[in-house]
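New to this one? Here is a quick, informal tour, beginning with the sheet and ending with a helix.

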Amino acid sequence: MKTVHVHAAPSEYILEEGILKKLEGLLVARGILRALIVTGTKSWAAIDDFWPAMVEVQTELYTYGGECSFSEIDHVTAMMEDYDAIIGVGGGKVIDLAKAVANEVHKQVIVVPTLASNCAPWTPLSVLYDDTGAFVRYDVYPVASSLLVVEPALLLQAPRDLFVAGIGDTIAKWYEADVQLGSIAAKTVPMMISYEAARQCKDILLAQSEAALAAVDAGVVNDAFIQVIETMFMYAGMVGGYGDHYGRTAGAHSIHNGLTALEAAHTKLHGIKVAYGICVQLMLEGRQSEIAALRPFYDALGLPQSLKELGIDATDAELLAVAQKATIPEESIHLMPNGEMTATRVFDAMKALENHAFMSL
């Protein structure tokens, strides 16, 4: 029998226009009277017009240094003695930092995303980096967030490129789950839920992303925008939440992690690098036809199918360093049931992808 550990969802999730006006009552209902707000400079500026004045709940603001790193986690953990809970306000790294600290101090974490770029608001998981921004590992926590509140009008104001990156990160859920779950005939019920959630990630994003981007461009919330952000948060979070290691990362995210070996890649958004990683994974699977099928979608959103399109001009030595980092023993690329994943094999796939992308233009 295949066993998975289910980490299903936040204790409470609310998407509602004006929801932040109700935040204080939601905190008091949880016995939270003192909370540390962890945020970033841009995130706090974005939420300023939405953040409510509070009477019963005392809050203090902490602006993090830009990475969900071990030193940052230690620093914020040391501040938590006098607080009932931590509130993460921002994007993925801020939210991951808040979740990591909450796990250390065994207190509630409240999540308020300021942009839709990945499933961090939903999952009891943090992606951990060192102080230079290089990926180190994932940590999965036994307790999920107490509350996730989503203000769609706030997310609509986030930078367009971050929204596109979120779409790139989320569509990877299908390809990374499919390569693991697709060949398992006797799926458990949690695995079935994970697999269907992954399928919805692909189907909804292919159908609704352009209309959702039209909402961003117009500054007006529409149904497609709501569907896409809920897919990014909820469906994407359910893939790993129900599928456990069968539904989390595989080849695409390992390629992303490998790219952190290149300084030139540090300025590229997470989801953009993952979108490129999908294509490397598909090359490793021998599914060049699927790369071609994705070309119109990638072109419409400006997602890269090659390093050239990603804006990275790397030498063979640098590509080999990426491939080596992507295939260290701890990496999820080894979950792919497509033979041994060596640095040489990944290097060859990356080189072949450059030629494939050029030929398909």
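Two strands count as paired if DSSP finds at least two bridges between them. Keep in mind that this is a predicted model. Strand 1 and strand 8 (residues 147–150) run parallel and are joined by 3 bridges. Along that pair, Leu-15 stands opposite Val-150 in strand 8.

Now for the whole sheet. It is an open one, made of 6 strands in the order 1-8-5-4-2-3, with parallel pairing. Strand 1 (13–15) and strand 3 (58–63) sit at the edges, each pairing on one side only. From one strand to the next, the twist averages 15°.

Two helices pack on this sheet, and here is what they touch:

| Helix | Strands touched | Angle between directions |
|---|---|---|
| Helix 3 (residues 70–77) | strand 2 (34–39), strand 3, strand 4 (85–90) | about 155° with strand 3 |
| Helix 4 (residues 92–105) | strand 2, strand 4, strand 5 (108–113) | about 170° with strand 4 |

Next up is helix 8, which covers residues 223–243. Its 21 residues reach 28 Å from the first C-alpha to the last, close to the 30 Å expected at 1.5 Å a residue. There is a bend of about 40° at Thr-231, though. With 15 of its 21 residues buried, helix 8 is largely enclosed by the rest of the structure.

What caps the N-terminal end of helix 8? That's Asn-222, which has a side-chain oxygen 3.2 Å from the backbone nitrogen of Ala-224. After the helix comes Asp-244, whose phi is positive, near 55°.

Note on methods:
Residues are numbered from 1 along each chain as its sequence is written. This is a predicted model: local features need pLDDT of at least 70, side-chain atom pairs count only at pLDDT 80 or more; totals for chains, interfaces and linings use all residues. Side-chain values use heavy atoms; hydrogens and water are left out. Helices (H or I, at least four residues) and strands (E, at least two) are DSSP runs, numbered from the N terminus. The expected span of a helix is 1.5 Å times one less than its number of residues. The bend at a residue is the angle between axes fitted to the seven residues ending there and the seven starting there. Buried means under 20% relative accessible area, exposed over 50%, partly exposed in between (1.4 Å probe, protein chains only). A polar contact is a pair of N or O atoms within 3.5 Å; within protein, one must be able to donate a hydrogen and the other to accept it, and residues adjacent in sequence count only if both atoms are side-chain atoms. Axes are lines fitted to C-alpha atoms, for helices over the stretch in contact, and angles run from 0 to 180 degrees between N-to-C directions. Contact means heavy atoms within 4.5 Å.
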